[in-house]
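Trainee: Please take me through this structure one topic at a time. I shall interrupt with short questions.

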Amino acid sequence: MQNSASKKLVIDASAFYSGVPFLNLSKYFTTNSILSEVKHMNRRYGAIEFLIDSDKLKILEPSKECLDQVIKIAKKTGDYQRLSKADFSILALALQLNSKLISDDYAVQNTAALLKIPVVTIATKGITKVRRWINFCSACNKAYGPNIKQCGLCGNILRRRFKSSLI
């Protein structure tokens with residue numbers, strides 16, 4: 001018998017693009033931010049409305065506490081600048097519901113791993129290591145935090161690399 005956590009699946013935009021919620025009768029959860037990202041899918045938007053009306057897709061917003069926890073971890077991994085508002089919302093919802101998350105986004109997967117959110121991928125292999133990302137100057141090799149975009153010494157635009165594995 002499956003427990004209630006295994007029946008809940010939180011889905012991001014990549015799951016909609018791959019057609020996941022249209023393929024079976026599972027119950028899915030997402031946020032308004034993710035729904036806004038996929039509304040341009042005119043052919044399928046009627047199907048999305050049907051899923052909502054038939055109670056197969058629930059639109060929920062995560063708590064502020066879960067959102068704050070996700071932001072804290074994303075800053076730790078260096079993924080903060082790579083994640084969108086929708087990414088933060090979907091990670092926080094999966095955390096709040098203690099649910100699996102369906103996503104092909106590597107920054108989402110990296111942050112989810114530290115939050116101990118299980119991730120199911122669709123079209124990608126998924127991450128193999130949890131990484132901590134930093135920004136660095138390719139000219140003078142000086143390292144910077146994730147929020148800095150330009151080298152303070154020489155003015156070059158910074159590049160991104162991983163510094164270490166976190167798990």
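**Rings, charges and packing**

Trainee: How many aromatic pairs does the structure hold?

Mentor: The structure holds one aromatic pair. Its members are Y80 and F88, in a tilted arrangement, at 5.5 Å centre to centre and with 50° between the planes. Rings of Phe, Tyr and Trp (its six-membered ring) pair if their centres lie within 6.5 Å; planes under 30 degrees apart count as stacked, over 60 as edge-to-face and the rest as tilted.

Trainee: Before we continue, what is the basis of these values?

Mentor: This is a predicted model, in which local features need pLDDT of at least 70 and side-chain atom pairs count only at pLDDT 80 or more, while totals for chains, interfaces and linings use all residues. Residues are numbered from 1 along each chain as its sequence is written, and side-chain values use heavy atoms, with hydrogens and water left out.

Trainee: Is F88 buried or exposed?

Mentor: F88 counts as buried because its relative accessible area is 10%. Y80, at 27%, is partly exposed. Buried means under 20% relative accessible area, exposed over 50%, and partly exposed in between (1.4 Å probe, protein chains only).

Trainee: What lies over the face of Y80?

Mentor: K75 does, at 5.0 Å from the ring centre. The criterion is NZ of Lys or CZ of Arg within 6 Å of the ring centre and within 35 degrees of the ring normal.

Trainee: Turning to salt bridges, how many are there in the whole structure?

Mentor: A search finds three. A salt bridge is a side-chain nitrogen of Lys or Arg within 4 Å of a carboxyl oxygen of Asp or Glu. K27, D55 and K58 are linked in a network of such bridges.

Trainee: How far apart are the atoms in that network?

Mentor: Between D55 and K58 the closest N and O atoms are 2.8 Å apart. For D55 and K27 the N to O distance is 3.7 Å. The latter pair links distant parts of the chain, 28 residues apart, with D55 in the loop between α4 (42–53) and β3 (57–59) and K27 in strand β2 (residues 27–30). Helices (H or I, at least four residues) and strands (E, at least two) are DSSP runs, numbered from the N terminus.

Trainee: Which other side chains meet in a salt bridge?

Mentor: K64 and D68, at 2.8 Å from N to O. Both residues lie in helix α5, four residues apart, about one turn of the helix. An α-helix has 3.6 residues a turn, so residues three or four places apart point the same way. K64 is exposed, at 58% relative accessible area, and D68 is partly exposed, at 37%.

Trainee: And D87: where does it lie?

Mentor: D87 belongs to helix α6 (residues 85–97). D87 is buried yet has no salt bridge, and the nearest side chain of opposite charge, R82, is 9.9 Å away. Here Lys and Arg count as positive and Asp and Glu as negative; His and the chain ends are not counted.

Trainee: What lies 3.0 Å from a polar atom of the D87 side chain?

Mentor: The backbone nitrogen of S84.

Trainee: Now α7. How many of its residues are buried?

Mentor: Seven of the nine residues in helix α7 (residues 106–114) are buried, and the helix is mostly covered. Those buried residues pack against α5 (64–77), α6, β4 (100–102), β5 (119–120) and β6 (131–136); contact means heavy atoms within 4.5 Å.

Trainee: Which residue caps the N-terminal end of α7?

Mentor: D105, through a side-chain oxygen 2.8 Å from the backbone nitrogen of A107. After the helix comes K116, whose phi is positive, near 60°.

Trainee: Which side chain makes a polar contact with that of N110?

Mentor: The side chain of D79, at 2.7 Å. A polar contact is a pair of N or O atoms within 3.5 Å; within protein, one must be able to donate a hydrogen and the other to accept it, and residues adjacent in sequence count only if both atoms are side-chain atoms. D79 sits in the loop between α5 and α6 and is buried, at 2% relative accessible area. Beyond four places in sequence, its contacts include W133 and R160.

Trainee: Finally, what is there in the chain as a whole?

Mentor: The chain has seven helices and eight strands. Of its 167 residues, 40% count as buried.
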